[in-house]
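Biologist: Got a minute to go through this model with me? I'd like to hear about helix packing, pockets and any odd backbone spots.

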Amino acid sequence: MKILTAAEMSEVDRRTIESGIPGIILMENAAHRVVEVLARECAPLKDQRILVFCGKGNNGGDGLAIARLLHVCVKPASLDVILAAPPADLKGDAYANLVMLRASGFEAIHDQVPDDARGATLIIDALLGTGIEGNPRGRAAELVIELSFGFPGARICAVDIPSGMNSDSGHSGTPVARADFTVTFTSPKLCHALPPNCDRTGPLTVGSIGSPASLMEEIPRHWIEPSLFAELLEPRARAGHKGAYGHVLVIAGSHHKPGAAAMTGIAALRAGAGLVTVASAESALSAIAAHAPELMTVPFSQLAEALPNKTIIAIGPGLGTEPETVALVRRLVAEAPQPMVIDADALNALAGIEWPGAAGPRILTPHPGEMARLQGRPVDDRLNDARDLARHFGITLLLKGQRTVIAAANGEVWINPTGTPAMATAGSGDILTGLIAGIAAQHPQRLHEATIAAAWLHGKSGELAAAELGEMCVIATDLLKYLPHAVRAAHA
């Protein structure tokens, strides 16, 4: 799926209507998608006491169509509609849906919440959609506050976006409606993808209403979903052997941090790499081998001999920042012909210098602090900062954090919806580096897809671990225990 701005969504709707699907049909389809979700999330829907808040624009028109479908098809225990504006203020398709609602025999349309509707168990928020500019004002602002806080026992379904939310940003002013779940149409909007707004939407359902995907081909923002990388996880050939699945060279670890190298190497193996060699400080090798006997090891003194014939290099976790290490990183980044995943101390080695260029593809995986050092200022706009640095360096950049952003040198960006605060634990980033390298080793011509797959699986593994162990109790190596379950979830 693509991720759209409000203007892009409006243009898609306009072109859809021009192609022959009337706006009233798009609105009807949207209403059906919402009622389908309500039936799933709020069963039995006929027992619900429902209150529908409707604005005067297209979002309100969706709400009026939803009310009509509920009235005609579901007949819930009670159903009331609150209009934010006089009926005469409604125009176009919104007014047409008001006429149709009345024609269906429905009469419970109010400008205030009636006393007997205070016991509502389900609220439909169709007040304000993606077209709002600035903060809600006047009557609309009052109703946003009322629907959010006036019904403490009710669940709230937001239609398209929670009312008052800035569609094009992760941040909004006030007031903004709360939502227990959201149904949007055609594609996610930026607010659904970026924090903290994404936390205010609840679980998101994207419903198709008739706009063809071809209208969104030029949009450079993508929502990561398993269909983007499913081919990378297909069953192996029956005649497959370890040499067919790539050889990862992990350059990581130090005397005090052998675990970082071991976790990176084990993650690469768990991700399917056929062979993994870890190059590290000689004093760390025995500890690394003790963590995983499947890993081959070489000391840094033999790195030159280890470099040839490797499919991909992962460099940085626990490496240290001694001058000779920094010099080694810079030289390898510039000269090694293999694809390279660059993380942790290897990123710090590149901070504050001109990009040295690269002899092969490079994947940088900074957290926000490392990103700030790379670009020389704090991260202000995760999406645009990642895209700008990827373009500037000519690399793939994965910016870690809530809703990880992956940016390519051509300006395309992907936002990952998986992940959990349970992953805020030492070594989680080392696992991700290994996963990227392990998947990329098997598909060296598909590095972007490998990076996307690793990010999604990494986050999904964290979610599954947290669901069973609790957010406080997850440690980095737990992610590898739940990786097989994440792979199965990707196939579901």
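Biologist: Let's start with α13 and α14: is their crossing left-handed or right-handed?

Modeller: The crossing of those two, α13 and α14, is left-handed. Keep in mind that this is a predicted model.

Biologist: Noted. How close do the axes of α13 and α14 come, and at what angle do they cross?

Modeller: The axis of α13, residues 368-375, comes within 11 Å of the axis of α14, residues 382-393. They cross at roughly 50°.

Biologist: Which word fits that pair, then, oblique or perpendicular?

Modeller: Oblique, for α13 and α14. An angle of 65 to 115 degrees would have counted as roughly perpendicular.

Biologist: OK, pockets. How much space lies in the largest pocket?

Modeller: About 770 Å³ for the largest pocket.

Biologist: And which residues lie nearest its centre?

Modeller: G57, N58, N59, D62 and T130 lie nearest the centre of the largest pocket, out of a lining of 33 residues.

Biologist: Which helices supply at least two residues of that lining?

Modeller: For the largest pocket, α1 (6-18), α2 (23-41), α3 (58-74) and α5 (138-149) each supply at least two. The one that gives the most is α1, with 6 residues.

Biologist: What does the lining of the largest pocket look like by class?

Modeller: There are 14 nonpolar, 10 polar and 9 charged residues in it.

Biologist: Now the second largest pocket. How much space is there, and what lies nearest the centre?

Modeller: The second largest pocket holds about 610 Å³. It is lined by 26 residues, and nearest the centre are G401, Q402, T404, T420 and M423.

Biologist: Which helices supply at least two residues there?

Modeller: In the second largest pocket, that's α15 (428-442) and α16 (447-469). By class, this lining has 7 nonpolar, 14 polar and 5 charged residues.

Biologist: Switching to the backbone. Where are the cis peptide bonds you'd point me to?

Modeller: One runs from A43 to P44, with omega near -10°. Another runs from P195 to P196, with omega near 0°.

Biologist: Where do those two prolines sit, P44 and P196?

Modeller: P44 is in the loop between α2 and β1, which spans 49-54. P196 is in the loop between α6 (190-193) and α7 (197-200).

Biologist: Why bother flagging cis bonds or a positive phi at all?

Modeller: Because most peptide bonds are trans, and most residues other than glycine have a negative phi.

Biologist: Fair. Which residues other than glycine have a positive phi, then?

Modeller: N309 is one of them, with phi near 70°. R403 is another, at about 60°.

Biologist: Where are N309 and R403 found?

Modeller: N309 is in the loop between α10 (303-306) and β12 (312-315). R403 is in the loop between β15 (396-399) and β16 (405-407).

Biologist: Is N309 buried or exposed? And R403, buried or exposed?

Modeller: N309 has 76% relative accessibility, so it counts as exposed. R403 has a relative accessible area of 16%, so R403 is buried, as the cut-off is under 20%.

Biologist: Last one: C73. Where is it, and how far is C73 from D116?

Modeller: C73 is in helix α3. C73 and D116 are 43 residues apart in sequence, and their C-alpha atoms are 23 Å apart in space.

Biologist: Why does C73 count as exposed?

Modeller: Because its relative accessibility is 59%, and exposed means over 50%.

Methods: Residues numbered from 1 in each chain as written. Predicted model: local features only at pLDDT ≥ 70, side-chain atom pairs only at ≥ 80, totals over all residues. Heavy atoms only, no water. 1 Å grid on protein atoms, 1.4 Å probe; cavity = no way out; pocket = protein on both sides within 12 Å on 5 of 7 lines; lining within 4 Å. Points joined across faces, edges and corners; volume = space filled by probe spheres on them. Helix = DSSP H or I, 4+ residues; strand = E, 2+ residues; numbered from the N terminus. Nonpolar A, V, L, I, M, F, W, Y, C, P; charged D, E, K, R; others polar. Buried < 20%, exposed > 50% of the residue type's maximum accessible area, 1.4 Å probe, protein only. Axes fitted to C-alpha atoms, helices over the stretch in contact; angles between N-to-C directions. Parallel < 35°, antiparallel > 145°, perpendicular 65-115°, else oblique. Left-handed = near helix turned anticlockwise from the far one by under 90°.
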